[in-house]
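I opened the model today and went through it piece by piece. My notes follow in the order I looked things up.

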Amino acid sequence: MEYVSALVPPVVMAVFFIGLIVTIVKSQGGDRKAKEDAAVDAALARAEAARQGGTVQHEAGA
């Protein structure tokens, strides 16, 4: 019976880890993906403009 008590903690941790991975994968994309991508793109553009000391120019096609 010692082998059972030795195997329970790793099995429990594996189950929780798999649940965490599934939750992360399910939360990616979906309805909010375009809005999140746009927010990240805007933040990167602001950071790049600040680094260059210029202004952000928006392209018509973007």
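**Entry 1: the charged pair.** I began with Glu-48 and Arg-51, which form a salt bridge with their closest N and O atoms 2.7 Å apart. This is a predicted model, so I kept in mind that side-chain atom pairs count only at pLDDT 80 or more. Side chains of opposite charge can pair when their charged atoms come close. I also looked up polar contacts and found the side chain of Glu-48 in contact with the side chain of Arg-51, again at 2.7 Å. I then checked the total: the count comes to one salt bridge.

**Entry 2: where the pair sits.** How far apart are Glu-48 and Arg-51 in helix H2? They are three residues apart, so about one helical turn separates them. H2 covers residues 33-52. Next I looked up exposure. Glu-48 has a relative accessible area of 33%. Buried needs under 20% and exposed needs over 50%, so Glu-48 counts as partly exposed. Arg-51 reaches 63% and is therefore exposed.

**Entry 3: the length of H2.** I compared H2 with its expected span. It has 20 residues and reaches 28 Å from first C-alpha to last, close to the 28 Å expected at 1.5 Å a residue. Just after H2, I noted Gly-53 with a positive phi of about 75 degrees.

**Entry 4: H1.** I ran the length check on helix H1, residues 2-27. Its 26 residues should span 38 Å at 1.5 Å a residue, and the end C-alpha atoms are 39 Å apart, which agrees. Where does the kink in H1 lie? I found it at Val-8, shortly before the proline Pro-9, with a bend of about 30 degrees. Just after H1, Gly-29 takes a positive phi of about 75 degrees.

**Entry 5: exposure along H1.** How many of the 26 residues of H1 are buried? The number is zero, so H1 lies largely in the open. I picked Val-11, which is in H1, as one case. Its relative accessible area is 48%, so Val-11 is partly exposed, as the cut-off for exposed is over 50%.

**Entry 6: a nonpolar patch.** I looked for nonpolar surface and found a patch of about 950 Å². Val-11 is one of its residues, and so is Val-8, the site of the kink. The other members are Met-1, Tyr-3, Val-4, Leu-7, Val-12, Val-15 and Phe-16.

**Entry 7: the whole protein.** I closed with the totals. The secondary structure comes to two helices and zero strands. Buried residues make up 3% of the 62 residues. The protein exposes about 5,800 Å², and carbon and sulfur atoms supply 65% of that area.

Key: Residues numbered from 1 in each chain as written. Predicted model: local features only at pLDDT ≥ 70, side-chain atom pairs only at ≥ 80, totals over all residues. Heavy atoms only, no water. Helix = DSSP H or I, 4+ residues; strand = E, 2+ residues; numbered from the N terminus. Expected span 1.5 Å × (residues − 1). Bend = angle between axes of the 7 residues up to and from the residue. Buried < 20%, exposed > 50% of the residue type's maximum accessible area, 1.4 Å probe, protein only. Patch = residues over 30% accessible without salt bridge, like charges linked within 9 Å, V, L, I, M, F, W, Y side chains within 5 Å. Areas by Shrake-Rupley, 256 points an atom, 1.4 Å probe, with all protein chains shown as cover. Salt bridge = Lys/Arg side-chain N within 4 Å of Asp/Glu carboxyl O. Polar contact = N/O pair within 3.5 Å; in protein donor to acceptor, adjacent residues only side chain to side chain.
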